[in-house]
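Let's walk through this one together, from its aromatic contacts out to the overall fold. Keep the 3D view open while you read.

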Amino acid sequence: MSYINNDEIRGVVLQCAGERVLLPNATVAEVMSRVQIRHAAAAGPAWLAGDLEWQGFTVPVIAFGQFTGLGSDVLAGPLKVVVLKALGGHAELPYYALLTEAFPQLMAVPRDGLLADASEETVPAGVHMRVLLGEQTALLPDLDAVEAALSDIVLLGTQEQ
C-alpha cells in the first residue's frame, strides 16, 4: 500500500532563460536530453523553436523565455526538453515541449508553502504568477495561454494543407 500525502503537490522545476519555472508533475510526459530539434520556419513566431519526433507524434518545441519576453533560450547544439501533455483537448496537439537549460528537478511543494510573490505587480504574458519556493522564486506558467497560442499555429497549419 502506498502512502499519498495530500498536503504536498509534486512539481518539476525547469530552468528557462535564467528563470525557474514550476510545472505540475502530472503534466510531464518525459524529460529528454541531447535532443535535436527541427528548427521552425522563419515565418513562425520567435518563441516556436521547432519540433521533434516523439512516440510517433510531431511535438512543437517552445522557447518559454521568448514566449514570455523574459529572455532568450539556448537553441544550439544538443538540447534538453520537457515533453508536456496538452490539456486543451485538441486532437492535433496532444503534446508539446519546453526547452530547459538544465536537467529538471522533481520537487514536493507543501500546499501551504506555495505563496504568491507580491513584489511583482504584473507578470509577463504566458505566466500565471510568480511564487516563492523557500527563499527562491519560480514562475507558474499559464499553460492554457501556451496551448492556445500553439493551437492557433497548429490548427492554422493543418487548415493550409
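**Rings, strands and cores**

Start with Trp47, Phe64 and Phe67, which together make up one aromatic cluster. The ring rule here is simple: rings of Phe, Tyr and Trp (its six-membered ring) pair if their centres lie within 6.5 Å, with planes under 30 degrees apart called stacked, over 60 edge-to-face and the rest tilted. By that rule there are four aromatic pairs. In one of them, tryptophan 54 and tyrosine 95 have ring centres 4.8 Å apart and planes at 75°, so this pair is edge-to-face. The two partners sit 41 residues apart in the chain, tryptophan 54 in strand S5 (residues 48-54) and tyrosine 95 in strand S8.

Before going on, a word on where this comes from. The model is predicted, so local features need pLDDT of at least 70 and side-chain atom pairs count only at pLDDT 80 or more, while totals for chains, interfaces and linings use all residues. Residues are numbered from 1 along each chain as its sequence is written, and side-chain values use heavy atoms, with hydrogens and water left out. As for pLDDT, it's the predictor's confidence in each residue, from 0 to 100. The protein averages 84, and 88% of the residues score at least 70. Confidence bottoms out in strand S10 (residues 115-116), at a mean of 74, and peaks in strand S8 (residues 95-100), at 94.

Now zoom out. The protein has two helices and twelve strands, where helices (H or I, at least four residues) and strands (E, at least two) are DSSP runs numbered from the N terminus. From that end, the order is β-β-β-β-β-β-α-β-β-β-β-β-β-α.

Strand S7 (residues 79-85) is a good one to follow. Five of its seven residues are buried, meaning under 20% relative accessible area (over 50% is exposed, in between is partly exposed; 1.4 Å probe, protein chains only). Strands count as paired if DSSP finds at least two bridges between them. S7 pairs with S3 in the antiparallel sense over five bridges, and valine 31 stands opposite valine 82 in S7. S7 and S8 also run antiparallel, joined by six bridges, with leucine 84 opposite tyrosine 96 in S8.

Is threonine 27 buried or exposed? Threonine 27 has 6% relative accessibility, so it counts as buried. You'll find it in the loop between strand S2 (19-24) and strand S3 (28-35). Leaving out residues up to four places away in sequence, threonine 27 is in contact (heavy atoms within 4.5 Å) with Val83, Leu84, Lys85, Leu87 and Leu143.

What about the nonpolar cores? Each is a set of buried Ala, Val, Leu, Ile, Met, Phe, Trp, Tyr and Cys residues joined through side-chain atoms within 4.5 Å. The largest has 24 residues, of which Leu14, Ile62, Phe64, Tyr96 and Leu150 touch the most other members. Strand S1 (8-16), S2, helix H1 (64-68), S7, S8 and helix H2 (143-160) each supply at least two residues, and H2 gives the largest share, five. Apart from this core lies another, of 14 residues, among them Met32, Leu52, Trp54 and Val61. That brings back tryptophan 54, which is buried at a relative accessible area of 9%, whereas its ring partner tyrosine 95 is partly exposed at 21%.
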